[in-house]
Amino acid sequence: MTSTTVSYDTLLATITDPDGRAIPDPATGEVVGRVRFRPVEELDAAIARARTAQIAWAARTDEDRVDLLLRAADAVEAATEPLAELLSREQGKPLNGPNARFEVGACVSWLRATAATTLPGETVVDDETTHAELRYRPLGVVGAIGPWNWPMMITIWQIAPALRMGNTTVVKPSEYTPLSVLALVEVLNSVLPQDVLQAVAGAGELGARLAGHPDIAKVMFTGSTRTGQAVIKSSAETVKRLTLELGGNDAGIVLPDVDPQAIADDLFWGAFINTGQTCAAMKRLYVHADVYDAVCAALVEIAANTPMGRGLHEANVLGPLQNRQQFDIVSRLVEAARASGATLLTGGDPDRTAPGNFYPLTLVADIDNDNPLVAEEQFGPALPIIRYRDVEDAITMANALDVGLGASVWSADKAAARTIAARLEAGTVWINSHGGVHPMIPFGGVKQSGYGLEFGVEGLKSVSAPQVVNG
């Protein structure tokens, strides 16, 4: 396959198996394609091939690996439209807005940024008696276990630094979105040497085997905290290195000095990017009483004018929830809020007779901080808005949960916002925005949102073995 000429049908044909498991379109229920889920024995064989290929891959010069990553980026860019269409059909996200085409573009950007990032050795002591250098060597085979919300982009976050540093990688995609990842790997492998990058689709037992396999040197996992805990347990016997980006329940704090209309659009997309299905989306919003009603009204106005529907329709910028299980979680939490006496400013009441997993944009006001919609991660298009009067209370509420991926502070006074940000228990705190990531800015969580950093130099370090040469 050459990515410069690949069509959607050709790409799908290379990864689909007529006897495999049906993968539904979450917008319509129609079958997108079929994927054969592989047994553990096939995963073991892939890992063995990756281990053999890693020797030659690590022996290449850094310049060679950089060149191949750049060529891989070109291949993905050339296949943008078929990849975006497949992603939209399988994951549900629209083509436009910060969605399918955006995600494929992010894959290209991260590949190029990773290729441009260097991790040279350094001399740490050089005096009359000692010369010590710190260098970074490849680990071996890296296992990558990805999620269903940003399946292509997060796979690139995992594999690009691993490949750059001389590791080979074996990818286990989510059971919900295997087609997207298999297609992305197919395009990348039109450039990369054989067995340097492999993807093996399968059920949960494959993830457990990958995490516990003695020939996997490191596991990179993005997903729920519960599954992350299982990865930790599976990896313990072989003392693997881990990078875990787990669940979050990000808080946003709006101070009383804001202009509600000026921040409303960024607030909205901070919460509802990818229809709320983003680990670092804003999932609970604390708004000072002085501007509470105005912020709520501004968000309601944006929600009313934001089109939701099937992703292949160019006008839509919000889509369905990817799977029915997530639809049911959002429904349960919104109904708990309604039953408690909270006010649904807009949304709720999905049409359960219609095809697809569409849940309306839902804004919930007059809600207590201990309500399940606030305390649990909804991971969907429902935002609780909590009124506060004392910023100390807002900080306490924001820090009260056992997760800490991201947070944000919104204020006309950036210095005041940064002071509050320093007190928030989160891996990243944004000022007057929420959820934006950059390939050169380290990203990771605290508490039960995981550990380890991705992106930039820190991301390269995370997939390397530091070695000191002393003498």
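Visitor: Into which domains is the chain divided?

Guide: The model under discussion is a predicted one. Its chain is divided into two parts, one of which combines two stretches of sequence, 8-246 and 449-470. That part is domain 1 (8-246 + 449-470), and the other is domain 2 (250-431).

Visitor: How many residues does the contact take from domain 1 and from domain 2?

Guide: The centres of domain 1 and domain 2, taken over C-alpha atoms, are separated by 30 Å. The contact between them draws on 28 residues from domain 1 and 28 residues from domain 2.

Visitor: Which residues of domain 1 lose the most area to domain 2?

Guide: Between them, domain 1 and domain 2 bury about 2300 Å², with 54% of it on carbon and sulfur atoms. On the side of domain 1, three residues together account for 23% of what that side buries. Those that lose the most area are Pro26, Trp148 and Ser449.

Visitor: Which helix gives the largest share of the side of domain 1 that touches domain 2?

Guide: Between domain 1 and domain 2 there are 13 residue pairs in polar contact. On the side of domain 1 that touches domain 2, the largest share is five residues, and these come from helix α4 (residues 80-91).

Visitor: How many salt bridges are found across the interface of domain 1 and domain 2?

Guide: The side chains of Asp25 and Arg310 meet in a salt bridge, at 3.2 Å from N to O. Across the interface of domain 1 and domain 2, the number of salt bridges found is two.

Visitor: How many residues apart in sequence are the parts that Asp44 and Arg209 tie together?

Guide: Asp44 and Arg209 form a salt bridge in which the closest N and O atoms are 2.8 Å apart. Asp44 belongs to helix α2 (residues 40-59) and Arg209 to helix α8 (residues 204-212), so the pair ties together parts whose separation in sequence is 165 residues.

Visitor: Does Lys283 count as buried or exposed?

Guide: Lys283 forms a salt bridge with Glu377, the closest N and O atoms being 3.2 Å apart. Glu377 has 27% relative accessibility and counts as partly exposed. Buried means under 20% relative accessible area. Lys283 stands at 1% relative accessibility, and therefore counts as buried.

Visitor: Which residues are linked in a network of salt bridges?

Guide: Side chains of opposite charge can pair when their charged atoms come close. A search of the whole structure finds 24 salt bridges. The residues linked in a network are Asp17, Arg36, Arg38 and Glu42.

Conventions: Residues are numbered from 1 along each chain as its sequence is written. This is a predicted model: local features need pLDDT of at least 70, side-chain atom pairs count only at pLDDT 80 or more; totals for chains, interfaces and linings use all residues. Side-chain values use heavy atoms; hydrogens and water are left out. Domain bounds come from an automatic or database domain assignment. Contact means heavy atoms within 4.5 Å. Buried area is the accessible area (1.4 Å probe) that two parts lose on being put together, summed over both. A salt bridge is a side-chain nitrogen of Lys or Arg within 4 Å of a carboxyl oxygen of Asp or Glu. A polar contact is a pair of N or O atoms within 3.5 Å; within protein, one must be able to donate a hydrogen and the other to accept it, and residues adjacent in sequence count only if both atoms are side-chain atoms. Helices (H or I, at least four residues) and strands (E, at least two) are DSSP runs, numbered from the N terminus. Buried means under 20% relative accessible area, exposed over 50%, partly exposed in between (1.4 Å probe, protein chains only).
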